[in-house]
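Here is a set of short questions and answers about how structural terms are assigned. Each answer puts a value beside its cut-off.

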Amino acid sequence: MSSIAARLIPVLAAMTLLAACTSTAVMETTNEVAPLEGDAVILLVEPDVELSFLKAAGVSEVRADWTETGKANVLAEIETLLATRGHKLVEHEIDPENEREVQIVKLHEIVGATILSHRFMGQPLPSKRGKFDWSLGPGVRDMAEAQGADYALFLHARGEYASSGRQAVAIGLAVLGAGGVSTGGQGAYASLVDMRTGDIIWFNVAFTGPGTDMREQDGAEHLVSAILKDIPL
Amino acid sequence: MRGFRAIVSFAAIAALSACATTDVDPLQADTRPSEETDEAGLWLRMDEAEDLLQQSAVVVRDPALNAYVDEVFCNVAGEAYCDDVRVYIVEQPYFNANMSPNGMMQVWTGLLLRAENEAQLAFVLGHEFAHYRQRHSLEQWREINNAANLSVLFNVGVAAAGVPNAAVLGNFTLAAQLYGFGRDKEREADEFGFGYFTEAGYDPAAAAGIWEYLIAETEASDSDRKKRQIARSSIFSTHPVTAERVETLKGLAGEAEAGIENDEAFAGAVAPFLNDWLADDLVLRDFGQHLHLIDHKIEAGQNLGVLYFRRGEAYRLRREDGDFERALDNYSKAVLFDDVPPQGWMALGEALQRRGEEMEARAAYGKYLELMPDAPERGIIEAWLEE
Amino acid sequence: MIFFIRKSLLTVLLLVAMSGCVGLMPVKGPLDVDGAYRITLGETWSAYPRDSRTKLRNLTIDGEALNSLTFAASLEDGHTLIRTYDRQRLLPVYRSDMSQTEVVEFIRDSLSVGGMADATITSLRPEPFGALEGVRFDVKGATQRGLNMSGTGKAAIEDGKLHLIIYTAPTEYYFGLHEYEVNEILASIELL
């Protein structure tokens, strides 16, 4: 499902792309975190991935096949990365009949958007100075119970890939002296929620430049290692 | 140098002007586009939008109402397409219905509030179904793409020739495409929609009927801008000029046989929601339109407890000279009917209290609290009663 | 068809967000509201600048979508709480001869126009607003997206002018999180 903040990603990606490098911004909770006991069970909550075709006029068109591939690649890479650290990833589909779960997931969308707009995009909240204590609250325990989950991982990823037409326009306009035309890119944000307290214990935003492509296995690996940078697992 | 730039610009236009065909065949029943097509991408985005809609707070989930609207839709669309479309009733006070290319249809409660009978509803559903079946969204999407490509080319070409502000001209035509389906497709949807709903046995006069009602209601609006919108036929309007539409639909009806209206079934399906939907409409504060709607419904002579109550509420909020008296008058009428909502008694109590008629106000409040044990206003009312 | 132009709208939003043109200030302790009344904040809140059109002030601790304390003083007959530049738009307005029930109805309708779905007042009761006879109310609803919201507030009319305070937050976790602080704030009202 699409979220408010996820729709910001292509725009953010476009703006950081001119540097053609990968940038990340890792944030961690200032709350006390109970130490992890043994191998973790991590609930991967319905990842929200959407890949689009960025056409000449700046209109982007979602591609169902690219989305399927990108999603599958990213999930596989996440699973691999976490498995090498001895953790178990459980893919979790939201049960629309479970009102609590639905509310928690919607709450997370808002919390994610809030973190992006006040911590990443630089309009800091004086009331949060020195604190990163956003939480979904202890209501998460309902969600955790069925699978015995210790953590939940939320992921939103967007990719826009330029048509060859778009690249021609970018070159054309550059020649004529008008720069700054987006040629696509990928962006994602992820959060790790402690399912005992609901606290967001880790949050990261990552953007990659053109040329690293989650539709390809190695591109997905690059993106995932950027997204999951410094994840405390 | 100017000559060189002109060559670059024309070359760019030639290279980028490959257009996708915009003339598509009608959709077959029970099909999904294959994954690598642009249509599949459009469906995927609409599937996401549908997930959002399903989870949203604005969908009306009442089983009986949904069953009724689904049945009317299936009458019009026919067995083959019945399961391809999912009709969502959305609680929004505006007259609107829309169709997404993946089979998601929305019918807004403002429309259900204004339709006079089942035949009128059937025409609107048939019109929306026609958009879906004729794949107008896909055609539109491709047209936008072509127009968008051309408008960028326009930028490049014209920039090369040294004309400033060419971007504004390019965006003008693109924006016109983005406002709804455009008039050609709306006309096509009217024609096909007319066919579907008359084949299902509905009365052809209903097609023009719903628009005639809307024109009359809009002419009563408090907003000058809304009144101008009906007549305006700028290229940005999402529907063809309504008077023209009415004439076309009347013309089609003239050649067709009479059919059913099914006004009783429709009235029965909608009655439980009348109070809530009129309350939603009153939030828009267009007293002209709102009172026209209520007066029109009162003429039909049903649900008078609800309707007189709602009319009282409108006068109370409008607060023009004499409106408090009119409000009290309407509340007094409303409580004579069995279907008056409990809030009608509270409104009567307040109106009497405002007039200083304390004994009568006490009686009305007492009746309200008796009918509504969980009355939210209990604290306020009881405090006054104790004075 | 709106999603086709979504991207350009978001670019504008992003630029506005990044331009730092909205200054968020920390506030704590006593806070005077347009010289009409004072509230006392126990915790540190972040304050947005007062909106000159609606005369509304907005405070938050965790972010405006997660908690929002909105208040205003001395609103006059004909005033709307909706931010709009469209002078012709028909909107709920305050009337100086409103009853307490009508004042709360005005606030509810404004929340609805402002985007709250299913906005419903669940309780109204008399409660002092400083030295004035005020009305305390609770509200529930949801965002358009379906996140349940809860709210509570107080209002009173002084010489025909309206004072109001309302707090809203998601029902899940966030409403309860600062409920104590909000109740303290509502109890702390003093007329000036």
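The turns below go through salt bridges, burial, surface charge and backbone angles.

Q: What kind of model is this, and which residues count for local features?
A: This is a predicted model, where local features need pLDDT of at least 70, side-chain atom pairs count only at pLDDT 80 or more, and totals for chains, interfaces and linings use all residues. Residues are numbered from 1 along each chain as its sequence is written, chains are lettered from A and ligands numbered from 1 in the order in which they are written, and side-chain values use heavy atoms, with hydrogens and water left out.

Q: Why is the contact of A:D142 and A:R100 called a salt bridge?
A: A salt bridge is a side-chain nitrogen of Lys or Arg within 4 Å of a carboxyl oxygen of Asp or Glu. The N to O distance of A:D142 and A:R100 is 3.2 Å, so the pair qualifies. A:D142 sits in helix α4 (residues 140–145) of chain A and A:R100 in helix α3 (residues 99–120), 42 residues apart. Helices (H or I, at least four residues) and strands (E, at least two) are DSSP runs, numbered from the N terminus.

Q: Why is A:D142 called partly exposed?
A: Buried means under 20% relative accessible area, exposed means over 50%, and partly exposed lies in between (1.4 Å probe, protein chains only). A:D142 has 40%, so it is partly exposed. Its partner A:R100 has 34% and therefore gets the label partly exposed too.

Q: What makes B:R245 and B:E186 a salt bridge?
A: Their side chains meet at 3.8 Å, N to O, so they satisfy the cut-off. B:R245 belongs to helix α12 (residues 242–254) of chain B, and B:E186 to helix α9 (residues 183–199) of chain B. They are 59 residues apart. Both residues are buried.

Q: Which parts of chain C does the pair C:D34 and C:R50 tie together?
A: The salt bridge is 3.1 Å, N to O. C:D34 lies in the loop between β1 (25–33) and β2 (37–47), and C:R50 in the loop between β2 and β3 (57–60), so the pair ties together parts 16 residues apart in sequence. C:D34 is partly exposed because its relative accessibility is 35%. C:R50 is partly exposed as well, with 35%.

Q: How many salt bridges does the structure hold?
A: There are 39 over all chains. One network of salt bridges links B:E313, B:R316, B:R319, B:R354, C:D97, C:E102 and C:E105.

Q: What makes the patch of B:E116, B:E261, B:D263 and B:E264 negative?
A: Lys and Arg count as positive and Asp and Glu as negative, while His and the chain ends are not counted. The four residues are Glu and Asp, so the surface patch is negative. Patch residues have over 30% relative accessible area and no salt bridge, with like charges joined within 9 Å.

Q: Why is B:E264 called exposed?
A: Its relative accessible area is 68%, so it is exposed. B:E264 is in helix α13 (residues 263–270) of chain B. B:E261 has 37% and is therefore partly exposed. B:E261 lies in the loop between α12 and α13. C-alpha to C-alpha, B:E261 and B:A206 are 7.7 Å apart in space, yet 55 residues apart in sequence.

Q: Why is C:N58 called buried?
A: Its relative accessible area is 17%, so it counts as buried. C:N58 is in strand β3 of chain C.

Q: How do you know that C:N58 and C:T70 make a polar contact?
A: A polar contact is a pair of N or O atoms within 3.5 Å; within protein, one must be able to donate a hydrogen and the other to accept it, and residues adjacent in sequence count only if both atoms are side-chain atoms. The side chains of C:N58 and C:T70 are joined at 2.9 Å, so the distance fits.

Q: What is phi for A:D230 and for C:K55?
A: A:D230 has a positive phi of about 60 degrees although it is not a glycine. A:D230 is in the segment after α6 (217–227) of chain A, and at 48% it counts as partly exposed. For C:K55, also a residue other than glycine, phi is near 65 degrees. C:K55 lies in the loop between β2 and β3 of chain C. At 22%, C:K55 is partly exposed.

Technical notes:
Patches are made of residues with over 30% relative accessible area and no salt bridge: like charges are joined within 9 Å, nonpolar side chains (Val, Leu, Ile, Met, Phe, Trp, Tyr) within 5 Å. Accessible areas come from the Shrake-Rupley method with a 1.4 Å probe; for residues, only the protein chains shown count as cover. The place of a charge is taken as NZ of Lys, CZ of Arg, CG of Asp or CD of Glu.
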